[in-house]
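The following exercises concern ligand contacts and aromatic ring pairs. Please examine the sequence and the structure before reading the solutions.

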Amino acid sequence: MTATMTQAEYWNGAVGQRWARSQGVLDAVFAPLTEALLAAADLRPGDGVLDVGCGSGATALMAAEAVGAAGRVVAADLSEPLLAVARARPVPAGAAPIDWIVADAETQAFAGPPFARAISRFGVMFFSDSRAAFANLRRALAPHGRLTFLCWQAMADNPWVTVPRAAVLPLLPDASPPDFAGPGPFRFADADALRRLLAEAGFGAVSVAPVVRDLVLGRAADGSARAAAEAAAAVAVELGPVSRLLRDAEPPLRRAALAAVAEALLPHADDGAVRLAAGCWLVSAG
Ligand SMILES: C[S@@+](CC[C@H](N)C(=O)[O-])C[C@H]1O[C@@H](n2cnc3c(N)ncnc32)[C@H](O)[C@@H]1O
């Protein structure tokens with residue numbers, strides 16, 4: 001994103017549209033992490049659940065199934081294109097109704113009874129004032145309610161990002177160094193700072209636990225390493241954090257980046273799939 005772009009502009013623009021087109025791919029890539037998030041959230045039948053930065057809806061749909069028809073789910077996001085995809089997805093029979101809302105979770109006064117649970121899969125790292133935003137989420141929860149979310153550990157602990165990034169950087173001599181402090185995927189890499197932030201926002205019991213999983217970035221139906229590396233390169237270049245480096249790239253540079261990333265991912269292809277490790281924090285705050 002550019003210096004002057006708001007998060008709403010960013011997630012409603014080209015990036016939001018690319019993510020919206022790739023809902024199935026993203027959900028498949030993140031599946032092992034989603035499983036860890038839902039298990040930790042410990043949703044019970046009848047619970048009210050808030051999904052923060054719900055994107056194209058995977059976790060809200062899973063929450064709706066877990067809490068059943070007696071529960072309720074409010075799924076909030078800034079991005080119209082992602083919510084359009086989410087709204088079009090069928091809600092399983094017997095699941096809670098889902099209220100998909102365009103809202104800034106940082107400031108939204110959520111209507112209705114307080115939630116038993118708030119969850120987020122990578123949707124809480126983009127607030128302009130994180131302390132105010134987490135305090136707002138605490139206010140939306142019942143006194144014994146709990147927020148459970150996934151965020152990324154440091155970039156260096158995420159080879160699924162560093163391997164493609166190292167391949168792209170030589171093509172971008174003017175790339176500015178990453179900003180790990182401001183809104184962005186890696187801003188909560190420091191677990192102690194994150195614990196302090198959540199305590200300052202009014203959360204009592206906070207746990208921050210590492211979750212490390214291999215992500216399948218690309219798969220080839222014919223089992224070929226080359227095709228798997230090319231599929232994985234498309235994911236890295238179009239959707240992963242590396243896509244931020246290439247947001248203004250013209251087609252020739254984008255093609256060169258895809259080729260370089262595919263080459264770098266080839267040694268990681270095995271059995272027709274490219275697998276690389278992803279390091280997250282699984283955070284639970286009551
Ligand atoms: C990395 S994406 C994750 C989307 C989704 N949770 C998933 O895992 O596919 C981050 C999401 O957070 C949303 N987002 C960012 N800031 C937000 C805010 N202040 N309020 C609500 N949603 C926000 C973005 O629009 C985007 O959909």
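Two exercises with worked solutions follow.

The model is predicted: local features need pLDDT of at least 70, side-chain atom pairs count only at pLDDT 80 or more, and totals for chains, interfaces and linings use all residues. Residues are numbered from 1 along each chain as its sequence is written, and side-chain values use heavy atoms, with hydrogens and water left out.

**Exercise 1.** Identify the polar contacts of the ligand with Asp77 and Asp104, and state how much of the ligand the protein covers.

*Solution.*
1. A polar contact is a pair of N or O atoms within 3.5 Å.
2. Asp77 places a polar side-chain atom 2.5 Å from a ligand oxygen atom.
3. In the side chain of Asp104, an N or O atom is 2.8 Å from a nitrogen atom of the ligand.
4. Of the ligand's own 590 Å² of accessible area (Shrake-Rupley method, 1.4 Å probe), the protein covers 97%.

**Exercise 2.** Classify the ring pairs that Trp152 forms with Phe30 and Phe122.

*Solution.*
1. Rings of Phe, Tyr and Trp (its six-membered ring) pair if their centres lie within 6.5 Å; planes under 30 degrees apart are stacked, over 60 edge-to-face, and the rest tilted.
2. Phe30 and Trp152 are tilted, with 6.1 Å between centres and 50° between planes.
3. Phe30 belongs to helix 3 (residues 23-41) and Trp152 to strand 5 (residues 141-152), so this pair ties together parts 122 residues apart in sequence.
4. Phe122 and Trp152 are stacked, at 4.0 Å centre to centre and 5° between the planes.
5. Trp152 has 4% relative accessibility and therefore counts as buried (under 20% relative accessible area, 1.4 Å probe, protein chains only).

Notes: Polar contact = N/O pair within 3.5 Å; in protein donor to acceptor, adjacent residues only side chain to side chain. Helix = DSSP H or I, 4+ residues; strand = E, 2+ residues; numbered from the N terminus. Buried < 20%, exposed > 50% of the residue type's maximum accessible area, 1.4 Å probe, protein only.
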